[in-house]
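User: Please take a close look at the charged side chains of this protein: where do they sit, and which of them pair?

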Amino acid sequence: RIAAIAEDQKVKLEFYWPVYVLLCDSLVTRETIRTHKELIAAHPEEDEQPRLKLINHLEREELMPIHDRILEIIKERTSVARPDEKFLALLLKYMAHVKVFKAIRKGFSVRPDWTPSKLSKPFPDDFLREVERRALELQCDYNKTLGIRTMGHEHRDRFLRAFSQRDPGAD
């Protein structure tokens with residue numbers, strides 16, 4: 001019975017951890033893009049072309065592949081994660097956001113200032129936080145099932161509360 005529980009938890013972790021790590025990578029990339037957009041706006045006298053090239057590269061060569069990989073994991077492994085209705089709704093919002101983002105960046109928008117948020121498909125606010133919470137909670141439970149005291153499962157709730165109060169950023 002313990003082996004079955006551990007295997008079930010392990011399978012779920014194989015969904016949540018990869019998505020979580022990729023979302024963190026996405027967050028870092030989006031923050032870098034946001035910083036360069038802010039620098040362009042703050043310094044209109046400077047040549048913006050180098051920054052625009054960097055932004056374009058980050059969006060097409062970094063962010064799109066991250067989103068593609070997350071979508072691949074969602075399509076292949078959502079059934080093993082057994083999402084509840086709340087999390088399934090977040091997955092669907094994320095998928096809609098990515099589809100609009102990719103269409104815009106592939107040149108299907110007629111306005112250069114369009115973003116998924118402006119087209120009613122913002123990055124779901126709680127998506128990263130919820131993936132993170134589920135990954136950490138499952139990891140704690142898995143470790144406890146196996147008798148591993150890595151994080152100190154007696155502090156799990158306090159640890160998860162601390163993470164849930166962080167602001168992971170958005171669109």
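The answer below begins with the overall fold and then follows the charged residues.

Analyst: This is a predicted model, in which local features are reported only at a pLDDT of at least 70 and side-chain atom pairs only at pLDDT 80 or more, whereas totals for chains, interfaces and linings use all residues. Residues are numbered from 1 along each chain as its sequence is written, and side-chain values rest on heavy atoms, with hydrogens and water left out.

The protein has five helices and zero strands, where helices (H or I, at least four residues) and strands (E, at least two) are DSSP runs numbered from the N terminus. Read from the N terminus, the elements follow the order α-α-α-α-α. Of its 171 residues, 36% count as buried; here buried means under 20% relative accessible area, exposed means over 50%, and partly exposed is what lies in between, computed with a 1.4 Å probe and protein chains only. The exposed area comes to about 10200 Å², of which carbon and sulfur atoms supply 55%, the areas being obtained by the Shrake-Rupley method with only the protein chains shown as cover for residues. Among contacts (heavy atoms within 4.5 Å) with a separation of 6 or more, 77% join residues that are 24 or more positions apart.

On the charged side chains themselves, a general point comes before the particular pairs. Side chains of opposite charge can pair when their charged atoms come close. A salt bridge is taken here as a side-chain nitrogen of Lys or Arg within 4 Å of a carboxyl oxygen of Asp or Glu, and by this rule the count is 11.

One of these bridges joins K102 to D68, with N and O 2.4 Å apart. The two residues come from distant parts of the chain, K102 belonging to helix α3 (residues 85-108) and D68 to helix α2, with their positions 34 residues apart. K102 is classed as buried because its relative accessible area is 18%, while D68, at 33% relative accessibility, counts as partly exposed.

A second pair consists of D84 and R134, whose closest N and O atoms are 2.9 Å apart. This pair, too, links distant parts of the chain, since D84 lies in the loop between α2 and α3 and R134 in helix α4 (residues 127-146), 50 residues apart. D84 is partly exposed, at 39% relative accessibility, whereas R134 is buried, with a relative accessible area of 10%. Through salt bridges that share partners, D84, K86, E130, R133, R134 and E137 are joined into one network.

A further bridge is formed by R129 and D126, where the N to O distance is 3.6 Å. D126 has a relative accessible area of 40%, and therefore counts as partly exposed.

The acidic residues outside these pairs include a negative surface patch made up of E45, E46, D47 and E48. Patches are built from residues with over 30% relative accessible area and no salt bridge, like charges being joined within 9 Å and nonpolar side chains (Val, Leu, Ile, Met, Phe, Trp, Tyr) within 5 Å. For this purpose Asp and Glu count as negative and Lys and Arg as positive, with His and the chain ends not counted, and the place of a charge is taken as NZ of Lys, CZ of Arg, CG of Asp or CD of Glu. Within the patch, E48 is in the loop between α1 (2-42) and α2 (49-81), and its relative accessibility of 36% makes it partly exposed.

E59 offers another acidic side chain to examine, and it is found in helix α2. With a relative accessible area of 8%, E59 is buried. Leaving aside residues up to four places away in sequence, E59 touches I33, K37, M64, F101 and R105.

Among the basic residues, R82 deserves a note on its backbone, as its phi is positive, about 50 degrees, although R82 is not a glycine. R82 is located in the loop between α2 and α3 and is exposed, with a relative accessible area of 53%. An uncharged residue, S120, likewise has a positive phi, near 65 degrees, without being a glycine; S120 lies in the loop between α3 and α4 and, at 58% relative accessibility, counts as exposed.

Definitions and conventions:
Accessible areas come from the Shrake-Rupley method with a 1.4 Å probe; for residues, only the protein chains shown count as cover.
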